[in-house]
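User: I have a protein model open and would like to go through it with you. Could we take it step by step?
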Amino acid sequence: MKLRLAGAQVVTMDAKRRVLEGDVVVEGSRIRVVEGGGGRSRTVEVIDCSGMVIIPGLIQAHIHLCQTLFRGLADDLPLEQWLAKRIWPLEAAHTEESVYWSAMLGAAELLLGGTTAILDMETVRHTGAAFAALEAIGIRATAGKCLMDAPSAPAGLKETTEAALQEAADLCAKWHGAAQGRLRWCYAPRFVPSCTGPLLRAVSDLAARAGATIHTHAAETPLELQTVKQETGQDEISYLDAVGISGPRAALAHCVWVDEEGIRRLARQQTNVVHCPSSNLKLGSGIAPVPEMLAAGCRVALGADGAPCNNRLDAFEEMRLAALIQKPRLGSDALPAAQVLELATLGGARALGLEAEIGSIEPGKQADLVVLDLTGPHVVPEDADLVSRLVYGARASDVRHVIVDGRVVVRDGKLKTAKVEEIRREANRHAGSLRKKVGV
Ligand SMILES: [Zn+2]
């Protein structure tokens, strides 16, 4: 099956950061040709993209699809109360079905908004249902069951170390590489305070053996740092490194409270940092020192985090905010648009361990592509710098077509792989019953 996206401006994000006028030809799940204008071939299907802009599919490396049904149920609380009073009880109340529809709702929003790949942390139970949703809706996802085995972990979600690791290994065997490689497994210990040292060490070994990513939270609030210091005697980033949660295989969400030594360690180990600007602002956590991390050579990606702490799952919003929030602190030239677009594409690909497969538009890479209509009043004039228009001006609603793994999943702004009306109805129904169960 061949598909030609014809006549667009193509923001390749290749090594030379070329922007071409031309066509992108997709064969099967791969990009075959990226060419400047008017190429001919026996293409089966042509989508006329003249006047439009094609970018690599956006990648969000920190998402909790299981929380999408909690949107609006936990506003205006600091992290510790947000977790203990709302998120943990709601996660504990989830059923197989509610996890499924929570994932469908989140993935629908992500795809319609131009996010083609995610690193996802589910809850403790029913992660198989989330994978079933991801398989059906067609997004590229690396997802994992949340692991919590510390004595202080919440009763409704706490597991023994053995039970947590056993279910994780079973899910890894079933889903890692499923859907022709579109779905992958990650080991997802929630964060240091809710996990024992033996669990974290085992996760490091198991992930290395499976070739899987490790996905966790780190250094989100000063209280978290204090707790880790009390329990382990170490700074959180060095403790994680000591138990093997570091290096290119690891993705640490937030890293708001890291000092110079922590930044040097993250850079030296090439650990992925996932910056979540909306979530950090909404929970009042702080502003991650992203320009300092990039200057030190850290790998940085972006993510929206979960719906209850954002409340959108919109990569365009995260790009714009990532750039803006640094400027009052460091000056208006901090984190310019071109650097932010790299975080949302190449940086995300690295965090998922998929830099050879996604993150740019080049022959041989997976065909994860987003076609944008940038003619709305908010992105005109059209001869202004294209990357500036993408990062500072564009919105999720500018997305026209989305291709994941060579398959058209959004066409003319409409989801093709699931019925949005059904998702809306089921999401409302299940959110209602979770709210009733928990009493919020
Ligand atoms: Zn999170």
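User: Is Asp305 buried or exposed?
Analyst: Asp305 is buried, as its relative accessible area is 3%. Buried means under 20% relative accessible area, exposed means over 50%, and partly exposed lies in between (1.4 Å probe, protein chains only). Please note that this is a predicted model, in which local features need pLDDT of at least 70 and side-chain atom pairs count only at pLDDT 80 or more, while totals for chains, interfaces and linings use all residues. Residues are numbered from 1 along each chain as its sequence is written, and side-chain values use heavy atoms, with hydrogens and water left out.

User: Which residues are the protein donors of the zinc ion?
Analyst: They are His62 (NE2), His64 (NE2), His217 (NE2) and Asp305 (OD), which lie 2.0 to 2.3 Å from the zinc ion. Donors are N, O and S atoms within 2.8 Å of the metal (3.2 Å for Na, K and Ca); water is not among the atoms, so sites may look incomplete.

User: Where along the chain do His62 and Asp305 sit?
Analyst: His62 belongs to strand β6 (residues 58–64) and Asp305 to strand β15 (residues 305–306), so the pair, 243 residues apart, links distant parts of the chain. Helices (H or I, at least four residues) and strands (E, at least two) are DSSP runs, numbered from the N terminus. His62 also counts as buried, at 0% relative accessibility.

User: Now the cavities. How many of 30 Å³ or more are there?
Analyst: There are 2 cavities of that volume or more. On a 1 Å grid over the protein atoms alone, a cavity is a set of points where a 1.4 Å probe fits but cannot get out, and lining residues have an atom within 4 Å of a point. A volume is the space filled by probe spheres set on the points.

User: What lines the largest cavity?
Analyst: The lining includes the zinc donors His64, His217 and Asp305, and also Trp82 and Cys309. Helix α1 (residues 79–93) gives the largest share, 3 residues. The space in this cavity is about 110 Å³.

User: And which helix gives the largest share of the lining of the second largest cavity?
Analyst: That helix is α7, with 3 residues. Both α7 (236–242) and α8 (260–269) supply at least two lining residues each. The volume of the second largest cavity is about 30 Å³.

Notes. 1 Å grid on protein atoms, 1.4 Å probe; cavity = no way out; pocket = protein on both sides within 12 Å on 5 of 7 lines; lining within 4 Å.
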